[in-house]
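Open the model in your viewer and keep the selection tool to hand. The tour goes stop by stop.

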Amino acid sequence: MNAITEERNKMDLIEKIGHSLVHHGKFNNRIFLLKYDPNDRANITQKLNELARKNGYTKIIAKIPAAAQPVFLQDGFTQEAFIPAFYKGEDDVFFMSKFLSDERNASPNEALNTLANLLNEAPNNNGVALDDRFDLGLAKPEHAAEMSKIFGKVFATYPFPVTNPEYINKTMQDGSVIYFGVWDQDQLIGVSSAEVDAENKNAEMTDFAVLPDYRGHKLAYFLLKLMEEKLKEKEYKTLYTIARLNSPGMNKTFINHGYHFSGLLKNNTNISGQIESMNVYYKTIE
């Protein structure tokens with residue numbers, strides 16, 4: 001068993017159910033249908049329900065195209081978020097969820113008040129400039145060890161094994177993730193990544209982590225700007241993020257870049273040591 005497999009086994013599994021791809025396990029205590037295959041239309045919800053019952057999971061979330069939404073609605077799923085023009089800049093995607101416990105379905109009311117205030121504020125990029133001491137660029141395989149250390153310092157827990165440099169190297173090599181970095185002299189001090197779907201021309205802007213001593217320089221803002229520039233060069237159509245509800249600063253970063261809020265995923269992800277709710281934002285680029 002290699003290090004990547006060992007790390008994943010401590011967390012959740014990624015595997016096929018029929019022709020569709022799911023991410024599930026006790027770490028997040030949920031099933032996440034990552035890629036729905038229409039060949040599974042007749043029995044996909046039944047299989048998800050059976051897997052949840054077998055393992056005692058408290059949430060099922062499915063990321064599905066519009067054509068599949070009636071199947072999930074019929075089974076008692078409700079829409080939590082959506083992203084327009086997700087597939088090749090044309091068809092929409094919906095995040096459909098089913099809660100299997102009252103605790104998992106509880107609303108994070110206090111944090112929602114903060115979110116409402118953020119969304120009512122106008123985007124503000126005035127006076128935002130990158131300090132000359134910092135350099136931005138693409139991260140390479142030789143940076144994987146440094147990147148994994150930064151992730152480990154910033155996040156007590158994370159839904160994917162980004163604290164393992166082998167995992168980072170593998171995702172670089174297979175082209176599924178593009179990593180970005182910010183340096184102070186020769187020291188890597190911040191990272192982010194774009195999980196890319198080259199076929200459908202969309203990308204998730206994620207994994208933002210800046211060392212605590214360097215916060216306050218708006219480095220996430222400039223990392224996101226660079227990410228957008230690189231993905232626009234590659235003719236990606238839709239960019240999105242799933243941001244922590246409990247991180248107002250990260251939400252504000254996306255709002256200031258013109259991303260649109262499109263829904264809340266309640267009690268969804270194990271990050272920074274607990275199950276947290278996540279906000280979905282998207283941006284269509286020309």
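The stops below are a pair of helices and then three single residues.

This is a predicted model, in which local features need pLDDT of at least 70 and side-chain atom pairs count only at pLDDT 80 or more, while totals for chains, interfaces and linings use all residues. Residues are numbered from 1 along each chain as its sequence is written, and side-chain values use heavy atoms, with hydrogens and water left out.

**Stop 1: two helices**

Select residues 144-154, helix 5, and residues 165-173, helix 6. Helices (H or I, at least four residues) and strands (E, at least two) are DSSP runs, numbered from the N terminus. The axes of helix 5 and helix 6 come within 8 Å and cross at roughly 120°. Axes here are lines fitted to C-alpha atoms, for helices over the stretch in contact, and angles run from 0 to 180 degrees between N-to-C directions. The two helices are therefore oblique to each other; angles under 35 degrees count as roughly parallel, over 145 as roughly antiparallel, 65 to 115 as roughly perpendicular and the rest as oblique.

Now show the side chains at the crossing. Helix 5 contributes Ala144, Ala145, Met147, Ser148 and Phe151 to the contact, and helix 6 contributes Pro165, Ile168, Asn169 and Met172. Contact means heavy atoms within 4.5 Å.

**Stop 2: Ser107**

Move to Ser107, in the loop between strand 6 (91-99) and helix 4 (109-120). Is this residue buried or exposed? Ser107 is partly exposed, with a relative accessible area of 40% (buried means under 20%, exposed over 50%, partly exposed in between, with a 1.4 Å probe and protein chains only). Its side chain is joined to that of Asn109 by a polar contact of 3.0 Å. A polar contact is a pair of N or O atoms within 3.5 Å; within protein, one must be able to donate a hydrogen and the other to accept it, and residues adjacent in sequence count only if both atoms are side-chain atoms.

Add Lys266 to the selection: 159 residues separate Ser107 and Lys266 along the chain, yet their C-alpha atoms are separated by 6.9 Å.

**Stop 3: Asn202**

Asn202 lies in strand 10 (residues 202-210) and is buried, with a relative accessible area of 2%. Its side chain reaches the backbone oxygen of Phe86 at 2.9 Å.

**Stop 4: Asn268**

Finish at Asn268 in strand 12 (residues 260-271). Asn268 is buried, at 2% relative accessible area. Not counting residues up to four places away in sequence, Asn268 touches residues including Asn28, Arg30, Lys59 and Arg104.
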